[in-house]
Amino acid sequence: MSSELNRVDFTFQYPPFNVLGKREVGWTEAEAASSADRPMHLYLHIPYCRSKCQFCFYKVWGVGTGEKAADSTQSYLDLLFREIDLYARSAKVQARTVRSIYIGGGTPSLLSLKQIELLVGKLRESFRFRPGHEFSFESYPDEEVLTREKLDCLKQMGITRLSMGVQSLDDRIQELNGRPARKDQFLRLYAYARTLGFRSINLDFMSGMVGETMQSWKKQIDEILDLAPQNVSLYKLEFYLNSRLTTSLRHGHKKAALVMSDAAEARLAKYAFDRLEDAGGYIPSNSSALTQSLDVEQVHTKAIWNGEDLLAMGLSSYGIFDSYMYQNTANPDQYAELVLKGELPVLRAHHITEREKMARTMVNGVKVLKLARATFAARHGSDMQEVYGDVIGPLVKRGLLELDDKELRVPRSHTIFADDICRDFFLPEHTTMMTSQMLRSKIVKGSPEQSAAAVLS
Ligand code: SF4
């Protein structure tokens, strides 16, 4: 396989979801002792948002704000607490200590103050935490969803990393992409959050949104530099087939004229990484995130991509625990039925083989931009060159990877293509995954698509 550099298809995890089979989780309490010294991470999914953004492909429900939202989410939280209890009763889980928690969605900041306190309290009484653990909380920067009181509460509850889903600082672009969030509200909330002293604030942005241009993007990157968050995430907008935006574009909506090509999006990403590194001193963590310093770099994602276990709870959440990948059901009725019966709401699972683990080390190592040879050898008993020399060699020759005695690296010039490069390490049976998105080349009319890799020349 030879990497095509096009930034199409973000690799969410390896092995890919396609390998998930029947509900065959094989955890046993007897194995608890074997995993006692290994850290784990928690993910809690809140599948509710104020309203559903047009490009969103997640299974989330729009429930408005305020009391209306609190009423809609309460019965879900009751079920989530039952799922937490199921894990908390397991000796296997109790043998472990938690290194990071991530409450994501959806929009967790939609929960009321009381619900946030109850959820965090429930986690604190149910699991054992390592000193200095990271605690991330996702928020939607809209004053009807995230109030100053909620920010105070999050700080008091021990949240160390506040993530704000900004996506764009241009209200015109937010509107074109069906998001009610507004810049002035975000700026007020961000300024207040900064005064509270979270260990780190992450701002999420999207490149290639409908209506974005290089000019608007450059302005936004300058504004991000002024805001100086500890972490910046930059995700490419992809047109998943199950989003309302993709459906309207497939039916010929005139917004298609405002969609940029993959090559143009790659130029935005390259510009952003170069400028944030050169003018802001940011350090790339992977192909879609930068950090001001390794002291405030996100622990959660990096640790999971480094092979640590993730205990995921909530509707449709996905985790990896003791060599099992699993995904919870996304059907609310089935979720309720299973947890009320005292069963884990796992829909499908897969036992990761040693061969897959080895490939995963390489895939994720490329995703986080470097992998120490000693790490690979310690995990798999041989040097990476012995196992993957035939894959690494051609990639080094093409300038997509660098290899020395100590580590394998993605060169700075190719950071934005790490998700393309990592696919060369996929096992053959995983290379023909069906894409669930509409390619930009099918939307953007006019001259033939220029290769995204052309941004490097
Ligand atoms: S806020 Fe995020 S999860 Fe919610 S609808 Fe928008 S994109 Fe989807």
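In the predicted model, Pro 141 is buried, with a relative accessible area of 1%. Pro 141 belongs to the loop that runs between strand 5 (129-139) and helix 4 (148-156). Leaving aside residues up to four places away in sequence, the contacts of Pro 141 are Met 164, Gly 165, Val 166, Ala 181, Arg 182, Gln 185, Phe 186 and Leu 189. One of these, Arg 182, is 41 residues from Pro 141 along the chain, and the two C-alpha atoms are separated by 8.0 Å.

The residue preceding this proline, Tyr 140, is one of those around the ligand. The others in this shell are Cys 49, Ser 51, Lys 52, Cys 53, Phe 55, Cys 56, Val 60, Gly 106, Thr 107 and Arg 179. Sorted by class, the shell comprises 6 nonpolar, 3 polar and 2 charged residues. Gly 106, a member of the shell, is joined to Gly 105 by a cis peptide bond with an omega of about 15 degrees. Gly 106 is placed in the loop between strand 4 (98-105) and helix 3 (113-126).

Most peptide bonds are trans, and most residues other than glycine have a negative phi. A cis bond is also found between Tyr 14 and Pro 15, where omega is about -5 degrees. Pro 15 is located in the segment before strand 1 (40-46). Arg 7 is likewise in the segment before strand 1; this residue is not a glycine, yet has a positive phi of about 55 degrees. Arg 7 counts as buried, at 12% relative accessibility. A positive phi, near 80 degrees, is also present at Leu 369, again a residue other than glycine. Leu 369 lies in the loop between helix 12 and strand 16 and counts as buried at 9% relative accessibility.

The chain is divided into domain 1 (1-22 + 354-430) and domain 2 (28-304). Domain 1 contributes 17 residues to the contact and domain 2 contributes 21 residues. The C-alpha centres of domain 1 and domain 2 are 26 Å apart. Between them, the two domains bury about 1,500 Å², of which 51% is on carbon and sulfur atoms. On the domain 1 side, the residues losing the most area to domain 2 are Arg 7, Arg 412 and Ile 416, which together account for 42% of what that side buries. Arg 7 thus combines a positive phi with a place among the residues of domain 1 that lose the most area to domain 2.

Helix 13 spans residues 373-380, and its residues Arg 373, Phe 376 and His 380 are buried. Viewed down the helix axis, the buried residues of helix 13 fall within an arc of 65 degrees, so they line one face of the helix. The exposed residues Ala 374 and Ala 378 are carried on the face turned away from the buried side of helix 13. Packing against the buried residues of helix 13 involves helix 12 (354-367) and helix 14 (384-397), together with strand 16 (370-372), strand 17 (402-403) and strand 18 (407-409). Just after helix 13, Gly 381 adopts a positive phi of about 80 degrees.

Methods:
Residues are numbered from 1 along each chain as its sequence is written. This is a predicted model: local features need pLDDT of at least 70, side-chain atom pairs count only at pLDDT 80 or more; totals for chains, interfaces and linings use all residues. Side-chain values use heavy atoms; hydrogens and water are left out. A residue is near a molecule or strand if one of its heavy atoms lies within 4 Å of it. Ala, Val, Leu, Ile, Met, Phe, Trp, Tyr, Cys and Pro count as nonpolar, Asp, Glu, Lys and Arg as charged, and the others, Gly among them, as polar. Buried means under 20% relative accessible area, exposed over 50%, partly exposed in between (1.4 Å probe, protein chains only). Helices (H or I, at least four residues) and strands (E, at least two) are DSSP runs, numbered from the N terminus. The arc is that of the directions from the helix axis to the C-beta atoms. Contact means heavy atoms within 4.5 Å. Domain bounds come from an automatic or database domain assignment. Buried area is the accessible area (1.4 Å probe) that two parts lose on being put together, summed over both.
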